[in-house]
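User: Could you take a close look at the aromatic pairing in this model and walk me through what surrounds it? I'd like one connected answer.

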Amino acid sequence: MVALEQLRQEQEHQRTAAGARWREGGLIFTTRVGTPLDPSDIARRFTGLLDQAGIRRIRFHDLSHTCATLLLEQGVQLVTIKELLDHANIGITAQVYAHVRLRLQHDASTNSPTSSRTATIPTTRP
């Protein structure tokens with residue numbers, strides 16, 4: 001919430017500086033004059049931040065996959081992840097993240113005290 005409040009304050013300063021050029025649209029993330037951000041600009045800035053941090057380049061969209069994978073690993077229910085990703089139905093989420101779920105099931109079975117340690121996992125994605 002602190003970050004959003006800081007963003008709101010920054011946007012107020014931008015609104016004042018833009019004067020009549022400001023375009024009110026009720027958006028949270030905007031350009032300096034209130035217009036929607038251009039996706040290519042977001043991607044370019046994201047790539048610059050990755051380079052600056054010395055992190056390998058990934059697409060901005062890959063962040064949603066990283067988030068979903070981390071949430072699954074933390075035990076968050078698939079239906080919750082479906083809602084966060086705004087998938088049309090849970091089948092899409094289940095299919096896209098089947099490899100993560102299989103790995104987690106495998107890990108659980110091999111780490112279980114009652115495990116026979118004979119579980120196998122497919123080596124290819126569906």
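Analyst: Sure. Keep in mind that this is a predicted model. The structure holds one aromatic pair. The partners are Phe 46 and Phe 60, which meet edge-to-face, with 5.2 Å from centre to centre and 85 degrees between the planes. Phe 46 sits in helix H2 (residues 39-53), while Phe 60 belongs to the loop between H2 and helix H3 (62-73), so the contact ties together parts that are 14 residues apart in sequence.

How do the two rings fare for exposure? Phe 46 is buried, because its relative accessible area is 13% and the cut-off for buried is under 20%. Phe 60 comes out at 43% relative accessibility, so it counts as partly exposed.

Phe 60 also leads us out to the surface. Together with Met 1, Leu 4, Ile 28, Phe 29, Leu 37, Ile 42 and Leu 63, Phe 60 makes a nonpolar surface patch of about 810 Å². So Phe 60 has two roles to keep in view: ring partner of Phe 46 and member of that patch.

Another patch member worth a glance is Leu 4, which lies in helix H1 (residues 2-18). Leu 4 has 45% relative accessibility and therefore counts as partly exposed.

One last thing, on a separate topic: the backbone at Asp 86. Most residues other than glycine have a negative phi. Asp 86 isn't a glycine, yet its phi is positive, at about 60 degrees. You'll find Asp 86 in the loop between helix H4 (78-85) and helix H5 (90-96). With 67% relative accessibility, Asp 86 counts as exposed.

Technical notes
Residues numbered from 1 in each chain as written. Predicted model: local features only at pLDDT ≥ 70, side-chain atom pairs only at ≥ 80, totals over all residues. Heavy atoms only, no water. Patch = residues over 30% accessible without salt bridge, like charges linked within 9 Å, V, L, I, M, F, W, Y side chains within 5 Å. Areas by Shrake-Rupley, 256 points an atom, 1.4 Å probe, with all protein chains shown as cover. Salt bridge = Lys/Arg side-chain N within 4 Å of Asp/Glu carboxyl O. Helix = DSSP H or I, 4+ residues; strand = E, 2+ residues; numbered from the N terminus. Buried < 20%, exposed > 50% of the residue type's maximum accessible area, 1.4 Å probe, protein only. Phe/Tyr/Trp six-rings, centres within 6.5 Å; stacked < 30°, edge-to-face > 60°.
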